[in-house]
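Here is a structure to look over. The questions ask what stands behind each descriptive term.

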Amino acid sequence: MKNRLKDRIALVTGASSGIGESTALALAEQGAKVAIAARRQDRLEQLAAKLAELGAEPLVLVADLASEVEAQRIVKETEAHYGRLDILINNAGVMYLEPVAEADLGRWRRMLELNVLSLIASSQAALAGMRARREGHIVNIASVAGRVANPNAAAYAATKFGVVGFSESLRREVYKDNIRVSVIEPGMVDTELREHVGHEASRRAVNARAGEMRQLQAEDIADTILFCVTRPDYVCINEVLMRPTDQER
């Protein structure tokens, strides 16, 4: 089926690559108008050209989403441009892996700000409009690390456990307003996320582990998000935990 999201307004954060890019394209292919946000303007412009070909009337929003002010600004600009926001995909995030004893706390602080506080800020900014219209869908991207905490991933796991907890709490606050909240928890995905790992031994270890399995692709996560946001409005997919078949934990 085509045009399941005809004229719906979506905002995708972290859209310059990977899951965000694939999700923006998947939404556009189903008729949504799509705003895309990230730091890398050149990558956003390239994606915008593809979205325009699909009729998505893209809005490019260059922002450092580690700032809660920026996270709220992109929601407000999306609403001002299109008149409303129906679907918010909180995808922006980083993964910094290293032992607690050797941790760069500045790096971890930025991860907490981007992975958790930014997501909270953008969700908060979207609520007023969604409540006024009594409809809307917020999709938060967590990780299997929000279910299983591994060595050298303490802060990353803390952020993703936080996203899972926040999402369920938010859902219980807004379900009576007919607002849906979904959280997606992927396992190993073949994206550039692992390039962010600054601790060399941890980077080697996670890349070696990834090389041992058939990884999820960004399009797989996008398909799952699309499934969630195209259900009838009385159906809310609360949580999706998905791993590669080859991934044990």
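Q: Why is H1 called oblique to H7 in this predicted model?
A: The axes of helix H1 (residues 18–29) and helix H7 (residues 218–229) cross at roughly 45°. Angles under 35 degrees count as roughly parallel, and 65 to 115 as roughly perpendicular. The angle of roughly 45° falls in neither range, so H1 is oblique to H7. The two axes come within 8 Å, and H1 passes H7 in a right-handed crossing.

Q: What makes the contact of H1 with H7, and how do its residues divide by class?
A: Contact requires heavy atoms within 4.5 Å. On the H1 side, Gly18, Ile19, Ser22, Thr23, Ala26 and Leu27 take part. They meet Ala218, Glu219, Ile221, Ala222, Ile225, Leu226 and Val229 of H7. By class, there are 9 nonpolar, 3 polar and 1 charged residues.

Q: Why are H1 and H2 described as roughly parallel?
A: H1 packs with helix H2 (residues 41–53) at an angle of about 20°. The cut-off for roughly parallel is under 35 degrees. About 20° satisfies that cut-off, so H1 and H2 are roughly parallel. Their axes are 10 Å apart, and the crossing of H1 past H2 is right-handed.

Q: Which residues make the contact of H1 with H2, and what are their classes?
A: Glu21, Ala24, Leu25 and Ala28 come from H1. Arg43, Leu47, Lys50 and Leu51 come from H2. The division is 5 nonpolar, no polar and 3 charged residues. Glu, Lys and Arg count as charged, so Glu21, Arg43 and Lys50 belong to that class.

Q: How do you know that H3 and H4 are roughly parallel?
A: Helix H3 (residues 68–82) and helix H4 (residues 105–133) pack at an angle of about 30°. Roughly parallel needs an angle under 35 degrees. About 30° meets that, and therefore the term applies to H3 and H4. The axes lie 8 Å apart. H3 passes H4 in a right-handed crossing.

Q: What makes up the contact of H3 with H4?
A: H3 brings Glu68, Ala71, Gln72, Val75 and Glu79. H4 brings Ser118, Ala121, Ser122, Gln124, Ala125, Ala126 and Gly129. These residues divide into 5 nonpolar, 5 polar and 2 charged. Gly counts as polar, so Gly129 is placed in that class.

Q: Why is Arg110 called partly exposed?
A: Arg110, in helix H4, has a relative accessible area of 26%. Buried means under 20%, and exposed means over 50%. A value of 26% lies in between, so Arg110 is partly exposed.

Q: What makes the pairing of Arg110 and Asp64 a polar contact?
A: The side chains of Arg110 and Asp64 are joined at 3.1 Å. A polar contact needs N or O atoms within 3.5 Å. The distance of 3.1 Å meets that limit. Leaving aside neighbours within four places in sequence, Arg110 is in contact with Arg39, Asp64, Ala66 and Tyr96.

Q: Why is His137 classed as it is, buried or exposed?
A: His137, placed in strand S5, has a relative accessible area of 2%. The cut-off for buried is under 20%, so His137 is buried.

Q: How do you know that His137 makes a polar contact with Ser182?
A: Their side chains come to 2.8 Å, and the limit is 3.5 Å. The two residues are 45 apart along the chain, with C-alpha atoms separated by 7.7 Å. Beyond four places in sequence, His137 touches Asp86, Ile87, Leu88, Met130, Arg180, Val181, Ser182, Cys228 and Val229.

Q: Why does Thr159 count as buried?
A: Thr159 lies in helix H5 and has 0% relative accessibility. Buried requires under 20%, so the term applies to Thr159. Thr159 is in contact with Met111, Leu112, Asn115 and Val116, leaving aside neighbours within four places in sequence.

Q: What makes Ser143 buried, and where does this residue lie?
A: Ser143 lies in the loop between strand S5 (136–141) and helix H5 (154–174). Its relative accessible area is 6%. That is under 20%, so Ser143 is buried. A polar atom of the Ser143 side chain lies 2.9 Å from the backbone nitrogen of Ala145. Not counting residues up to four places away in sequence, Ser143 touches Tyr156, Lys160, Ile184, Glu185 and Pro186.

Technical notes: Residues are numbered from 1 along each chain as its sequence is written. This is a predicted model: local features need pLDDT of at least 70, side-chain atom pairs count only at pLDDT 80 or more; totals for chains, interfaces and linings use all residues. Side-chain values use heavy atoms; hydrogens and water are left out. Helices (H or I, at least four residues) and strands (E, at least two) are DSSP runs, numbered from the N terminus. Buried means under 20% relative accessible area, exposed over 50%, partly exposed in between (1.4 Å probe, protein chains only). A polar contact is a pair of N or O atoms within 3.5 Å; within protein, one must be able to donate a hydrogen and the other to accept it, and residues adjacent in sequence count only if both atoms are side-chain atoms. Axes are lines fitted to C-alpha atoms, for helices over the stretch in contact, and angles run from 0 to 180 degrees between N-to-C directions. Angles under 35 degrees count as roughly parallel, over 145 as roughly antiparallel, 65 to 115 as roughly perpendicular and the rest as oblique. A crossing is left-handed if the near helix is turned anticlockwise from the far one by less than a right angle, and right-handed if clockwise.
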